[in-house]
Amino acid sequence: MTDTPRRRRSALYLPASNDRAIAKARTLACDVVILDLEDSVAPEAKEAARAQAVTALALGDFGDRELVVRINALDTEWAAADLAALAEAPPHAILLPKVNGPADLAACAALLPGDVALWAMIETPAALLALGQIAAAPRLAALVMGINDLAKDMGMQPGSDRLPFHSFLATTVAAARAHGLGALDGVFNGIDDAQGLVAECAQGRRFGFDGKTLIHPSQIAACNSAFSPGTAEIAEAEAIRDAFALPEHAGKGAIRLDGRMVERLHLAQALRVLATVGR
Ligand SMILES: CC(C)(COP(=O)(O)OP(=O)(O)OC[C@H]1O[C@@H](n2cnc3c(N)ncnc32)[C@H](O)[C@@H]1OP(=O)(O)O)[C@@H](O)C(=O)NCCC(=O)NCCSC(=O)C[C@H](O)C(=O)O
Ligand SMILES: [Mg+2]
């Protein structure tokens, strides 16, 4: 199987109130642009930000980048107007913050234009307890970690290894995989900490995320690199593909390759890696 899901290595948030950032996003190497109407926009700028998001979407020119708008939470005074405005210029997906359970997603989906997907932020304690039901919601296409809000609501101190979050990172990826959804890791707040970013991207990849949400253009290159297969991974995938293609391995489920067992599930994984790099 060589299905190639959409690449979502790097998803850059930007306040929709910031027109310079919107213009810049059209030139950046991120896979996803998330126009934020929520926490990065001050209450007094909410209406202007919404109007700027609609204008940006109508103008387009974002190339292949997937366009997502994070609206305000459903229990705020702004959410209904956000959804109504986006019906005029629909993005690829709407990201709903502060999701507590599947009812929030159903309420949002009922107001969405037909072909717009729904993404859910996993950033409340209630969402962690309802992950399975959230992930099963109709029209949902991706789960996005919200580490800052989780840390706030749970009184947690993430630390550089994010140890208190490990179980949540793993169960979020499990919920996404069980329902065929994308899974994006949370943001790294240290804009000037390049080493810390590299480490956290690598950690997110080990947990199985497709990519990471970002807050600054300077974070994109490291993130794209961390969530792309490296030279060794590509070479290994080619070796597995080539080994299973040998006549002596025809019809075998498991073979020996370089001193270890390789099964057809590894072949499927290898073919997916190769598909992402067009081989
Ligand atoms: C964090 C920032 C406020 C830093 O801003 P600033 O110091 O002004 O940035 P620079 O001077 O370094 O900017 C240089 C140029 O790059 C553009 N820029 C900056 N950030 C972005 C961006 N995110 N996207 C596109 N372009 C960007 C600037 O406009 C400058 O351009 P130019 O003037 O033309 O040279 C700022 O980076 C920022 O606002 N970042 C995004 C913040 C955000 O969206 N936050 C919400 C998401 S995070 C979150 O909520 C996570 C989750 O919910 C949770 O709970 O964890
Ligand atoms: Mg948040």
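An angle between helix axes counts as oblique when it is not under 35 degrees, not over 145 and not from 65 to 115. Keep that in mind for the first stop of this tour, which goes through a predicted model.

**Stop 1: two helices**

Select residues 231-244, which form helix 11, and residues 264-276, which form helix 12. Their axes come within 9 Å and cross at roughly 130 degrees. Helix 11 and helix 12 are therefore oblique to each other, and their crossing is left-handed. To see the contact, show the side chains of Glu233, Ile234, Ala237, Glu238, Ile240, Arg241 and Phe244 on helix 11. On helix 12, add Arg264, His266, Leu267, Ala270, Leu271, Val273 and Leu274. Coloured by type, the residues of this contact divide into nine nonpolar, one polar and four charged.

**Stop 2: the largest nonpolar core**

In soluble globular proteins, nonpolar side chains tend to be buried together. Here the largest nonpolar core has 65 residues. Select Leu35, Ile71, Leu105, Ile134, Leu140 and Leu143, the residues with the most contacts inside this core.

Stay on Leu143. Which residues is Leu143 in contact with, leaving aside its neighbours within four places in sequence? They are Ala120, Ile122, Leu131, Ile134, Ala135, Thr172, Ala175, Ala176, Leu181, Gly182, Ala183 and Leu184.

**Stop 3: Leu12**

Go next to strand 1, residues 10-15, and pick out Leu12. Is Leu12 buried or exposed? Its relative accessibility is 3%, so Leu12 counts as buried, the cut-off being under 20%. Now add Cys30, which lies 18 residues from Leu12 along the chain, with 6.5 Å between the two C-alpha atoms. Cys30 is also among the residues that Leu12 touches, not counting those up to four places away in sequence. The others are Leu28, Val32, Val33, Ile34, Leu214, Ile215, His216, Pro217 and Ile220.

**Stop 4: two loop residues**

Select Lys98, in the loop between strand 4 (93-96) and helix 4 (102-109). Lys98 is not a glycine, although its phi is positive, at about 50 degrees. With a relative accessible area of 24%, Lys98 is partly exposed.

Finish at Asp258, in the loop between strand 9 (254-257) and strand 10 (260-263). Phi of Asp258 is near 50 degrees, again a positive value in a residue other than glycine. Asp258 has a relative accessible area of 73% and is exposed, since the cut-off for exposed is over 50%.

Note on methods. Residues numbered from 1 in each chain as written. Chains lettered and ligands numbered in written order. Predicted model: local features only at pLDDT ≥ 70, side-chain atom pairs only at ≥ 80, totals over all residues. Heavy atoms only, no water. Axes fitted to C-alpha atoms, helices over the stretch in contact; angles between N-to-C directions. Helix = DSSP H or I, 4+ residues; strand = E, 2+ residues; numbered from the N terminus. Left-handed = near helix turned anticlockwise from the far one by under 90°. Contact = heavy atoms within 4.5 Å. Nonpolar A, V, L, I, M, F, W, Y, C, P; charged D, E, K, R; others polar. Core = buried A, V, L, I, M, F, W, Y, C linked by side-chain atoms within 4.5 Å. Buried < 20%, exposed > 50% of the residue type's maximum accessible area, 1.4 Å probe, protein only.
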